[in-house]
Amino acid sequence: SIHGITSIVQNIGKTKSTGVEFSVNSRNVMTGDFKWATLGNFSFIKNEIVDLYGTGIDDLANAWFIGYPIRVNYDFVVEGVWQLDEAEEAALWGSQPGFVKLKDVDGDGELTGADRQIIGQQDPKFMWGLTNTFSYKNFNLNIFLHGVHGVTRFNGLKTDDETYSTIRRNTTRKNWWTPENPTNEFVMNDFDAERMAGIRARWYENASFLRVKDISLSYTLPANLVKKTGMGSIRLYITGRNLLTITEYGGVDPELTGTETIPLQRELLLGLNLDF
């Protein structure tokens with residue numbers, strides 16, 4: 001490090017990637033003035049670590065596991081929230097109803113590194129895109145849908161710890177636990193409620209999503225009218241982008257990896273194309 005070098009690049013293992021990609025282009029209706037065409041792209045991808053360091057031993061520090069994808073979540077598992085009828089059991093952990101309940105995987109009565117588990121993968125298992133184009137006389141409608149599935153992401157907006165500032169405490173909607181609302185979705189409104197046996201809970205969520213990426217409606221003026229203007233063609237259009245996202249993820253945007261990244265904006269565009 002005295003020479004300014006603190007790391008090296010090295011081959012430390014082997015990986016294997018398998019998958020399939022295919023596309024479908026169909027002309028569903030081509031009769032008279034009405035036409036409907038569909039273009040679909042689908043991909044199934046699986047990557048896994050085959051070997052590490054030539055020893056066949058997992059690397060816990062980097063969360064690399066032989067036989068699993070390269071990017072996984074490796075952490076303590078949130079089982080839910082201690083409920084009123086579990087007060088005695090919670091007390092054994094120095095906890096109470098309304099506080100987070102972490103899973104004691106090995107059942108030894110302690111939370112240690114042995115209780116950390118693989119909680120889903122960070123890269124999607126399956127992605128797809130689907131475009132439908134409809135046309136009727138001079139009108140044209142284009143709808144593009146995008147889907148990503150098999151992703152689990154950490155939601156930093158739910159965590160109040162040294163890394164994620166307490167300013168974020170109310171930056172996302174939370175179903176707080178109360179005696180009248182004994183939910184397992186989130187803890188009570190108490191700063192220490194996310195800690196059990198000295199371990200701060202980290203919340204992982206299903207980040208799969210379906211998004212309406214683009215919808216565009218256009219109208220091309222008839223050729224006889226355009227001819228009078230001396231132009232080649234005139235087209236009016238309106239386009240909406242990122243109009244709807246269906247997801248269980250409670251962070252800013254399931255398509256982005258960070259909780260402080262600017263989410264994709266919903267946009268509405270009006271346009272006029274003139275061809276001289």
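User: Which side chain makes a polar contact with the side chain of E194?
Analyst: Happy to start there, and note that this is a predicted model. E194 is in the loop between β9 and β10 (195-196), and at 1% relative accessibility it counts as buried. Its side chain has a polar contact of 3.2 Å, and the partner is the side chain of W203.

User: Is E194 buried or exposed?
Analyst: The cut-off for buried is under 20% relative accessible area. E194 has a relative accessibility of 1%, so it counts as buried.

User: What is the N to O distance in the salt bridge of K101 and E86?
Analyst: Let's place the two residues before giving the distance. K101 is in strand β5 (residues 100-102), while E86 is in the loop between β4 (78-81) and α1 (87-92), 15 residues apart. K101 counts as buried at 16% relative accessibility, and E86 is buried too, with a relative accessible area of 18%. Their side chains meet in a salt bridge with an N to O distance of 2.8 Å.

User: Which residue forms a salt bridge with K158?
Analyst: Side chains of opposite charge can pair when their charged atoms come close. For K158, the closest N and O atoms of the salt bridge are 2.9 Å apart. The pair links the loop between β9 and β10 with strand β12, across 47 residues, and both members are buried. The partner of K158 is E205.

User: How many residues apart in sequence are the parts that R211 and D253 tie together?
Analyst: R211 forms a salt bridge with D253, with 3.1 Å between the closest N and O atoms. R211 lies in strand β13 (residues 209-220) and D253 in the loop between β14 (233-247) and β15, so the pair ties together parts of the chain whose separation in sequence is 42 residues.

User: Are R211 and D253 buried or exposed?
Analyst: A residue needs under 20% relative accessible area to count as buried. R211 is at 4% relative accessibility and D253 is at 3%. By that cut-off, R211 counts as buried, and D253 also counts as buried.

User: Which residues are linked with R211 in a network of salt bridges?
Analyst: The structure holds 9 salt bridges, and the one between R211 and D253 is among them. R211 also lies over the face of F209, at 5.5 Å from the ring centre. In the network of salt bridges, R211 is linked with K213, D253 and E255.

User: Is the aromatic pair of W36 and F134 stacked or edge-to-face?
Analyst: There are 10 aromatic pairs in the structure. In the pair of W36 and F134, the ring centres are 5.6 Å apart and the planes differ by 20 degrees. Planes under 30 degrees apart count as stacked, so the class of the W36 and F134 pair is stacked.

User: Where in the chain do W36 and F134 lie?
Analyst: W36 is partly exposed, at 28% relative accessibility, and F134 is partly exposed as well, with a relative accessible area of 25%. The two are 98 residues apart, so to speak of places: W36 lies in strand β2 (residues 34-52) and F134 in strand β7 (residues 126-136).

User: What is the angle between the planes of F154 and Y204?
Analyst: F154 belongs to strand β9 (residues 152-154) and Y204 to strand β12 (residues 204-206), 50 residues apart. Both rings belong to buried residues. They form a tilted aromatic pair, 5.6 Å centre to centre, and the angle between the planes is 50 degrees.

User: Which residue has its charged end over the ring of F154?
Analyst: F154 is buried and pairs with Y204. A charged end also sits over the F154 ring, 3.9 Å from its centre, and it belongs to R202.

User: What is the accessible area of the nonpolar patch that includes L270?
Analyst: L270 is in strand β15 (residues 267-275) and is exposed, with a relative accessible area of 70%. It joins F34, Y136, F139, L217, I238 and L268 in a nonpolar surface patch, and together they have an accessible area of about 720 Å².

User: How far apart in space are I70 and E89?
Analyst: I70 lies in the loop between β2 and β3 (72-75) and counts as partly exposed at 36% relative accessibility. I70 and E89 are 19 residues apart in sequence, and their C-alpha to C-alpha distance is 37 Å.

Technical notes
Residues are numbered from 1 along each chain as its sequence is written. This is a predicted model: local features need pLDDT of at least 70, side-chain atom pairs count only at pLDDT 80 or more; totals for chains, interfaces and linings use all residues. Side-chain values use heavy atoms; hydrogens and water are left out. Rings of Phe, Tyr and Trp (its six-membered ring) pair if their centres lie within 6.5 Å; planes under 30 degrees apart count as stacked, over 60 as edge-to-face and the rest as tilted. Helices (H or I, at least four residues) and strands (E, at least two) are DSSP runs, numbered from the N terminus. Buried means under 20% relative accessible area, exposed over 50%, partly exposed in between (1.4 Å probe, protein chains only). A charge sits over a ring if NZ of Lys or CZ of Arg is within 6 Å of the ring centre and within 35 degrees of the ring normal. Patches are made of residues with over 30% relative accessible area and no salt bridge: like charges are joined within 9 Å, nonpolar side chains (Val, Leu, Ile, Met, Phe, Trp, Tyr) within 5 Å. Accessible areas come from the Shrake-Rupley method with a 1.4 Å probe; for residues, only the protein chains shown count as cover. A salt bridge is a side-chain nitrogen of Lys or Arg within 4 Å of a carboxyl oxygen of Asp or Glu. A polar contact is a pair of N or O atoms within 3.5 Å; within protein, one must be able to donate a hydrogen and the other to accept it, and residues adjacent in sequence count only if both atoms are side-chain atoms.
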